[in-house]
Amino acid sequence: MDESQFPPIERLEQMPLPALLAAASAMRDRGHGRLISYSRKVFIPLTRLCRDVCHYCTFATRPHASRPAFLSPEEVLAIAKAGAAAGCTEALFTLGDKPELRYRAAREALAALGHETTIGYLRDMCALVLRETGLLPHANPGVMTREEIAALREVTASQGIMLESTSTRLCEPGGVHYGSPDKQPAVRLETIRLAGELRVPFTTGILIGIGETRAERLEALVAIRDLHARYGHIQEVIVQNFRAKPDTRRADAPEPDLDDLLWTIAVARLVLGPDMNLQAPPNLSPGVYQRLVAAGLNDWGGVSPVTPDHVNPEAPWPAIAELAQRTAETGKVLVNRLPVYPAWVRNPDTWLAPEVATRVRRMSDAEGFARDDDWAPGTLEPPPPAPVLLPAVDGELRRSVARAEAGERLGTEEIVRLFAARDADYRHVIAAADALRRATSGEVVRYVVNRNINYTNICYFRCRFCAFSKGRTHDDLRGAPYDLALEEVSRRTAEAWARGATEVCLQGGIHPDYTGETYVAICRAIKAAVPDMHIHAFSPLEVTQGAATLGLSLSDFLARLKAEGLGTLPGTAAEILDDEVRAIICPDKVNTAQWLEVVRAAHALGLRTTSTIMYGHVETPLSWARHLLALRDLQAETGGFTEFVPLPFVHMEAPIYRHGRARRGPTFREAVLMHAVGRLVLHPHITNIQTSWVKMGPAGAAICLQSGANDLGGTLMNESISRAAGTQHGQEFPPAEMEALIRSIGRTPRQRDTLYRPVPEERRTTSFAATELAPIILTPPRKRAVETV
């Protein structure tokens with residue numbers, strides 16, 4: 001059913017259940033695709049005292065001399081540490097509402113803990129857990145004032161209060177909320193409204209089967225919808241079914257049947273729309289997961305591998321592996337999220353306090369879900385492969401892959417969908433990319449024997465991801481500033497040739513004293529030392545700066561470099577070809593149009609270039625899609641790119657990460673997908689996909705070579721930029737080791753030159769007999785006079 005054909009909300013009660021379910025399920029799929037999320041949490045019942053007396057609740061208790069009124073800080077921390085050890089990301093604080101207003105025991109216990117209010121103690125415990133364990137607190141303390149919500153915002157990722165119902169009847173004598181002042185709908189709606197004003201990611205929901213009518217459920221859902229439309233802060237809505245519990249006033253009350261629960265989930269989806277996160281706790285409806293999913297939910301809520309559901313202790317959590325299997329049986333993929341949902345994760349400066357935002361960035365992937373592994377670029381071993389649970393590949397994804405295999409240009413939404421592939425969809429994407437690699441370049445894996453020469457690490461640009469560049473005189477991060485003498489550049493070139501290299505790759509910082517003549521002089525020095533050495537040098541940033549200093553056009557300056565021996569250009573400084581991202585990570589660098597202009601000018605002169613992407617920091621898959629399409633379109637125009645090189649962000653020493661403003665690089669799944677999706681999207685225009693052993697590691701590079709990549713890059717000899725950022729991988733990957741790695745995956749190694757041509761046998765033989773490198777000389781900074789370079 002089309003959304004425009006929905007009957008008015010008041011008529012939803014009359015719609016047949018099958019029609020409701022079908023409409024709700026289709027709407028959910030438009031908003032969430034194949035994903036069903038959950039939060040891996042630990043449950044911390046800070047206090048079970050409460051001033052309210054809800055007639056269905058067994059969580060709230062009365063003070064008793066045999067048990068403390070509140071968990072101690074030590075007890076809170078012990079629970080949180082157990083959760084962290086079990087891989088949880090959320091610390092769910094659940095507690096009674098302001099017990100100090102009813103019980104002297106609560107007031108005395110709080111005083112002994114150094115607090116006047118439960119909310120004050122809760123704030124300190126959230127801060128303790130955040131600081132000591134890294135878990136992200138989610139707080140459910142009941143009705144709050146503006147000041148209390150604001151105070152908790154500093155130390156929580158999200159907050160919540162169940163609206164339960166907007167029916168004031170339930171607060172009258174005989175109603176389940178009679179005697180519970182905090183259950184008045186108006187005060188609960190005001191708490192939700194205040195959270196919106198304060199920009200707090202918020203959870204709410206309804207409790208069904210407590211005496212309300214279906215019309216009253218709809219009224220509550222509309223109230224939630226309207227508050228969210230005004231403030232945009234309600235990140236999830238829970239539909240919770242009443243469960244009768246012994247020793248309560250409603251012990252013998254009937255529970256909602258399954259059809260009633262399904263009806264409520266479906267109408268909640270139709271009222272709240274495709275993008276809302278709609279949740280129903282799985283432990284309250286065991287054995288009917290497929291029917292709940294069919295009703296339109298997209299989230300199972302918090303599931304704990306450590307602690308019970310203290311609110312519903314009779315209902316154990318499902319094991320996460322079982323939940324994943326049952327979810328897959330519905331045709332969906334279970335994905336772990338943080339207590340703050342992806343849409344809010346992607347805008348942390350708006351929705352989160354600074355310390356919390358830093359934690360969230362470091363725990364999230366590019367889509368905003370929880371990272372699904374502990375791997376990061378530059379670390380040693382990739383994670384084990386995830387099991388495949390889905391019985392079939394998504395039809396739309398399969399069609400997009402087929403279009404890419406046929407050489408068609410995909411749209412940005414299709415590419416974003418490919419990057420979101422998980423489970424069987426992920427396996428399909430990488431298998432298709434590997435088959436396309438096989439059809440395009442066969443079973444040969446190529447590599448080049450080269451040497452990196454970074455001629456200076458002094459740079460007046462302030463790229464926020466760069467741990468390599470230095471100021472003129474200060475030591476920071478790794479190593480002191482240097483500015484290589486031309487004699488050292490020549491010496492390294494000659495040494496590289498003697499060790500079998502065919503290429504020197506030169507890049508460096510943008511030194512304030514450098515002009516275009518500096519780059520010309522470097523080319524001359526190399527050609528004087530080794531006339532046959534291929535010079536692969538100068539990114540579009542250096543070209544732009546060099547041309548500007550000489551007052552030349554880009555084409556004239558590139559022509560001069562080519563005349564002095566420049567052979568090709570590295571396609572670095574591209575980072576992410578999306579100016580929204582560049583404004584964050586490199587605001588003073590060339591923009592997207594300028595980068596493309598330099599590369600287009602180089603290609604017009606017959607100077608070929610590589611193409612790169614540096615990903616895994618602040619950008620999203622939409623930025624990846626835009627980047628790949630920019631490369632594809634330029635290659636279709638010029639044909640000048642030799643290869644595409646994904647460069648995952650190495651976070652360890654990067655300033656933007658150290659300042660809490662970036663993720664920890666891509667996850668391993670995302671890194672492999674960048675190679676696979678790159679192969680598919682760039683086909684048939686860019687035929688070589690290179691994987692970086694420096695950043696992926698040899699084992700990770702081997703997996704990428706089986707996921708669409710066909711090139712292992714260069715042996716390097718000296719690698720400075722990634723090492724400065726914190727990678728643990730070595731500075732050289734000798735030919736014998738490269739070829740052993742290639743043969744270990746059943747492929748044939750072949751040395752190439754920069755332009756993918758075979759190398760003379762003399763070069764190959766020499767490379768296998770290379771002697772140890774002499775110590776490098778890092779010439780200290782000095783004033784460069786233009787006339788002496």
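This section describes a three-stranded sheet, a helix packed against it, the nonpolar cores and one loop residue of a predicted model.

The model is predicted, so that local features need pLDDT of at least 70 and side-chain atom pairs count only at pLDDT 80 or more, whereas totals for chains, interfaces and linings use all residues. Residues are numbered from 1 along each chain as its sequence is written, and side-chain values use heavy atoms, with hydrogens and water left out.

Helices (H or I, at least four residues) and strands (E, at least two) are DSSP runs numbered from the N terminus, and two strands pair if DSSP finds at least two bridges between them. An open sheet is formed by 3 strands in the order E17-E10-E18, with parallel pairing. Strands E17 (711-714) and E18 (748-752) stand at the edges; each has a single partner strand, so one side of each lacks a neighbour in the sheet. The twist from one strand to the next averages 20°, where axes are lines fitted to C-alpha atoms and angles run from 0 to 180 degrees between N-to-C directions. Strand E10 (residues 444-448) is joined to E17 in the parallel sense over 2 bridges, and Val448 stands opposite Gly714 in E17.

In helix H28 (residues 735-744), Pro735, Met738, Glu739, Leu741 and Ile742 are buried (under 20% relative accessible area; exposed, over 50%; partly exposed, in between; 1.4 Å probe, protein chains only). These residues cover an arc of only 155° around the axis, which puts them on the same side of H28; the arc is that of the directions from the helix axis to the C-beta atoms. The buried residues pack against E10, helix H26 (693-704), E17, E18 and helix H29 (761-768). Exposed residues Arg743 and Ser744 are carried by the face of H28 turned away from its buried side. Gly746, which follows H28, has a positive phi near 80°.

The largest nonpolar core (buried Ala, Val, Leu, Ile, Met, Phe, Trp, Tyr and Cys residues joined through side-chain atoms within 4.5 Å) has 124 residues, and Val429, Leu506, Phe538, Trp595 and Leu712 have the most contacts inside it. Helix H25 (residues 668-682) gives the most to this core, with 10 residues. Another core, of 89 residues, lies apart from it and includes Ala23, Val129, Leu135 and Val271.

Gly211 is placed in the loop between strand E5 (202-208) and helix H7 (214-231). At 41% relative accessibility, Gly211 counts as partly exposed. Not counting residues up to four places away in sequence, Gly211 touches Arg169, Leu170, Glu216 and Arg250 (heavy atoms within 4.5 Å).
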